[in-house]
Amino acid sequence: MNDKEILKLGIERAMETMEKNFGGPFGAVVIDKNGDIVSIASNTVLKDNDPTAHAEVNAIRKACEKLNTYDLKDCILYTTCYPCPMCLSATIWANIKKIYYAATKEDAAKIGFRDDYIYEFINKNCDDKSVLEIVSMDKEEVLELFKKYEEEKKTIY
């Protein structure tokens with residue numbers, strides 16, 4: 001399959017679930033290094049009552065489950081729209097090194113999606129308390145957890 005055909009699978013899934021009011025007009029596909037489809041998913045925020053159920057996150061979760069790994073380093077992500085900050089982060093955490101996208105974040109903003117709101121918060125060093133207040137606490141006990149994890153040479157991901 002070529003890139004356009006792969007993206008079309010994401011578009012079709014997004015259309016199908018959008019019509020069922022499962023979520024927004026977003027779809028995603030993960031392929032492996034051989035070009036085989038690993039997962040196809042859409043946005044299911046409304047169906048699942050889960051603000052993290054974006055198409056890219058859902059596709060990554062399905063791919064990890066299918067491949068029985070948290071590391072998708074040999075995979076590529078196709079998505080109907082430039083990923084939001086959460087989805088970009090999930091892609092990086094999954095070690096995916098390439099994303100193909102169609103619509104831009106500006107296109108999503110035109111229909112009411114607020115990715116720019118989050119990018120602006122991040123660009124202001126997460127210091128806008130009207131958006132989110134982040135409070136630092138005593139870390140001594142938590143650092144003990146970190147030390148134990150390191151000493152036991154647990155998997156870093």
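1. Let's start with lysine 147: its relative accessible area is 44%, which makes it partly exposed. The cut-offs here are under 20% for buried, over 50% for exposed, and partly exposed in between, with a 1.4 Å probe and protein chains only. Keep in mind that this is a predicted model, where local features need pLDDT of at least 70 and side-chain atom pairs count only at pLDDT 80 or more, while totals for chains, interfaces and linings use all residues. Residues are numbered from 1 along each chain as its sequence is written, and side-chain values use heavy atoms, leaving out hydrogens and water.

2. Lysine 147 has a partner: it forms a salt bridge with glutamate 151, with the closest N and O atoms 4.0 Å apart. By salt bridge I mean a side-chain nitrogen of Lys or Arg within 4 Å of a carboxyl oxygen of Asp or Glu. The two residues sit four apart in helix α7 (residues 140-151), so about one helical turn separates them. Glutamate 151 is exposed, at 53% relative accessible area.

3. On α7 itself: helices are DSSP runs (H or I, at least four residues) and strands are too (E, at least two), numbered from the N terminus. α7 has twelve residues and reaches 17 Å from its first C-alpha to its last, close to the 16 Å expected at 1.5 Å a residue; that expected span is 1.5 Å times one less than the number of residues. The number of buried residues among the twelve is zero, so α7 lies largely in the open. Just after α7, lysine 153 takes a positive phi of about 50°.

4. Next, have a look at glutamate 152. Lysine 148 forms a salt bridge with it, the closest N and O atoms being 2.4 Å apart, and lysine 154 forms another with glutamate 152, at 3.5 Å. Lys148, Glu152 and Lys154 are thus linked in a network of salt bridges. Each counts as partly exposed: lysine 148 at 46% relative accessibility, glutamate 152 at 39% and lysine 154 at 41%. The structure holds six salt bridges.

5. Finally, the greasy bit. Tyr70, Trp93, Tyr149, Ile156 and Tyr157 form a nonpolar patch on the surface, together offering about 680 Å² of accessible area. Patches take residues with over 30% relative accessible area and no salt bridge, joining like charges within 9 Å and nonpolar side chains (Val, Leu, Ile, Met, Phe, Trp, Tyr) within 5 Å. The areas come from the Shrake-Rupley method with a 1.4 Å probe, and for residues only the protein chains shown count as cover. Tryptophan 93 lies in helix α4 (residues 85-93) and is exposed, at 59% relative accessible area.
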